[in-house]
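Trainee: I have a new structure open and I'm not sure where to begin. Could you walk me through how to read it?

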Amino acid sequence: MEGRPFNDISYERFLSEEKLMGSRCQNCGALFVPPRTICIKCYGIEMEWIEMKGKGKLAAFTCIAIGPPFMTKEGYDRKHPYVSGVVELEEGVRVVARIEGVDESKPETIKIGTPLQVEFLHRGEGENLITFLAFRPS
Amino acid sequence: MRGRRKLGRGVAMVGAGMSKFGMFIDKDSKYLFAEAFNEMLSTVDKGMDPKDIDALYLGNFTNDFFVHQGHWGPIISDLIGLTPKPATRTEGACAASALAFREGVFAIASGFYDVVLVGGVEEMSKRNTEEVTQGLAMAAIPYEVRVGFTFPGVFGAMATAYFAKYGANRQHLMNVTIKSHNNGRLNPKAQFNVSIRDIMNQRIEKAKNKGDSIPAWRDEKEFLCDPRANPMVAWPMHLYDCCPISDGASCVLLVAEEIVKDFTDNPLYVVGIGQGSGKGLHAKEDLTYFEATRYAAQEAYGLAELKPEDIQIAEVHDCFSIAEIIHLEDLGFFRPGEGYKAIEDGLTRLDGPKPINTSGGLKCKGHPVGATGTGQLVEIWKQLRGEAGERQVPIKDLRIGAAHNLGGTGGTCTLTILERR
């Protein structure tokens, strides 16, 4: 784990291993998810990997009826919208993620502040395997 | 910021023009620029010889993707007979031409050039909605695209955070749309120059003529609440919360203060310019404002030595209805959490104390992305010179106007302040 570079490829690879990982600045302790190579607080460049507990709450969301091609391929459309959101983690940082297990047909009932638990959505196979970061109500 | 910003010498706007914005299946974007250029020439009070233009700065965002041509500077330069003068393309997503404007101001303020043409051009309508969505996503934050966010989705998410923090709701978004259309109805250059009530009545008339059941909408809000008339795009953004896909071009002429009298006795001076950059949703300090706008505003107000209350009219980047509410707060016109109330109280109407988006805004006028920034300045030009016709604001001694342009999902924001004196 220690040897992996602090970049998006490593972040994605961790997701496929069902780990939500960030980088922590060894100089000032600032935490970044997804990881950063340069600390934007103190400009330190010594980072360490740290795993998130995967618990948080909903900070913002949207329910998308007209999505990009890779979402329509999963079967989402105007009649079957999906939810994307911003999740505030217990560790104090935010991530963007897909939100599962909420009633997308009644977006007005989805509440900001809803407690959430991480979930890893694996799509495709072999070299085409992609893991999406997701959360659902805990 | 270290010390106060200043310009090396004064810069004034002495001409402004735009094409009609809309969907033009039979026109290439460069001919739209020719229209804008010809109109600009006709607005220079004492006339001008285009051969006097020292340089062109041109904003464009998506033509690489949609038209498979990226090298627009020299193409436009040749079109309007400026070669071999230098032509530079600027890219700032939907703020591309505001950046062109800034470069033009810097080029004159530095003393290098005296006469500079700045503008923007965009061609979007010959692609389907899916392709346009994909093209615009070139300006989105990759982490957001990965988990399914679209442009309306990012603004929709910010709206849910804003609603939760300040107690606003969809009805408040509708106030923005209704006002934009009331203004756009009076703008012959607008893509949709009809009010929401006009659209509603047309729909009722159509249903009557076809013998269909007649919709029971009593007012604009009932129309906008009906999912058949106004379907959801990305909660809480619905069709009428979103600006359209548009083609168009716009340009303005900038000259050094020393030679302004050769062009007009009624110039607009560039008194404030500001630009900021912002982070993605996950890294923002707060989901209810744009840090890039706040920074741009601080820079522009500082240069102009003006306060938000000194701005008499403004065009703001209402790519989505919630954006207009947030911009009014970020620009300091109203306190955070008060923007939606100000709109509800009619303060930003054409006849209100702080008219906003008198052109109809991006929602009605259209949003050919690279042409929007200087397009907003065309409206400020008309208003400050008393040439806005039916939509002229009734403010006495109208002298100071501003335009706020936003690129991407807030990655690039600008504020330009113009003063007639």
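Mentor: Let's go through sheets, a helix pair, the chain contact and two single residues, keeping in mind that this is a predicted model.

Trainee: Sheets first, then. In what order do the 9 strands of the open sheet in chain B lie?

Mentor: Read a sheet from one edge to the other, not along the sequence. Here the order is E3-E2-E4-E7-E1-E8-E11-E10-E9 in chain B, and the pairing is mixed.

Trainee: Why is one side of strand E3 and of strand E9 of chain B left without a neighbour in the sheet?

Mentor: Strand E3 (87–90) and strand E9 (313–315) of chain B stand at the edges and have a single partner strand each, so one side of each has no neighbour in the sheet. From one strand to the next, the twist averages 25°.

Trainee: What joins E3(B) to strand E2 of chain B?

Mentor: Look for the bridges and the direction of the strands. Strand E2 (residues 55–59) of chain B is joined to E3(B) by 4 bridges, and the two run parallel. As one pair to look up, B:Leu56 stands opposite B:Ala87 in E3(B).

Trainee: And which strands does helix H1 of chain B touch?

Mentor: Once you have the sheet, check what packs on it. Helix H1 (residues 29–43) of chain B touches strand E1 (11–18), strand E4 (115–122) and strand E7 (248–256) of chain B, and its direction makes about 125° with that of E1(B). Helix H3 (residues 72–79) of chain B also packs on the sheet, where it touches E2, E3 and E4 of chain B. The direction of H3(B) makes about 130° with that of E3(B).

Trainee: Let me try a sheet in chain A. What is the order of its 3 strands, and is the pairing parallel or antiparallel?

Mentor: The order is E2-E1-E3 in chain A, an open sheet with antiparallel pairing. Its edge strands are strand E2 (31–32) and strand E3 (47–51) of chain A, which pair on one side only. Strand E1 (residues 21–25) of chain A is joined to E2(A) by 2 bridges, and A:Arg24 stands opposite A:Leu31 in E2(A).

Trainee: Now helices. How do helix H7 and helix H12 of chain B cross?

Mentor: Ask for the distance between the axes, the angle, and then the hand. The axes of helix H7 (residues 151–166) and helix H12 (residues 321–330) of chain B come within 9 Å and cross at roughly 55°. Angles from 65 to 115 degrees would count as roughly perpendicular and those under 35 as roughly parallel, so H7(B) and H12(B) are oblique to each other. Their crossing is left-handed.

Trainee: Which residues make that contact?

Mentor: H7(B) gives B:Phe155, B:Met158, B:Ala159 and B:Tyr162, while H12(B) gives B:Ile322, B:Ala323 and B:Ile326. By class, that contact has 7 nonpolar, no polar and no charged residues.

Trainee: What about the two chains? How many residues does the contact take from each?

Mentor: Count each side, then see which elements supply the residues. The contact takes 27 residues from chain A and 25 from chain B. On the side of chain A that touches chain B, the largest share, 6 residues, comes from E4(A). That side divides into 20 nonpolar, 4 polar and 3 charged residues.

Trainee: Let's stay with E4(A). Is it mostly covered or uncovered?

Mentor: E4(A) is mostly covered, with 8 of its 10 residues buried. E4(A) runs antiparallel to E5(A), with 8 bridges between them, and A:Gly56 has A:Leu89 as its bridge partner in E5(A). Another 3 bridges join E4(A) to strand E7 (residues 115–123) of chain A, also antiparallel.

Trainee: Last, single residues. Why does B:Thr293 count as buried?

Mentor: Count C-beta neighbours: 20 or more within 10 Å means buried. B:Thr293 has 28 inside 10 Å, so B:Thr293 is buried. B:Thr293 is found in helix H11 (residues 291–304) of chain B. Its contacts beyond four places in sequence include B:His327, B:Asp330 and B:His404.

Trainee: And B:Arg399: where does that residue lie?

Mentor: B:Arg399 lies in the loop between helix H15 (369–384) and strand E10 (400–407) of chain B. B:Arg399 has 13 other C-beta atoms within 10 Å, so B:Arg399 is partly exposed.

Conventions
Residues numbered from 1 in each chain as written. Chains lettered and ligands numbered in written order. Predicted model: local features only at pLDDT ≥ 70, side-chain atom pairs only at ≥ 80, totals over all residues. Pairing = 2+ DSSP bridges. Buried ≥ 20, exposed ≤ 12 C-beta atoms within 10 Å, placed from the backbone. Contact = placed C-beta atoms within 7 Å. Nonpolar A, V, L, I, M, F, W, Y, C, P; charged D, E, K, R; others polar. Axes fitted to C-alpha atoms, helices over the stretch in contact; angles between N-to-C directions. Parallel < 35°, antiparallel > 145°, perpendicular 65-115°, else oblique. Left-handed = near helix turned anticlockwise from the far one by under 90°.
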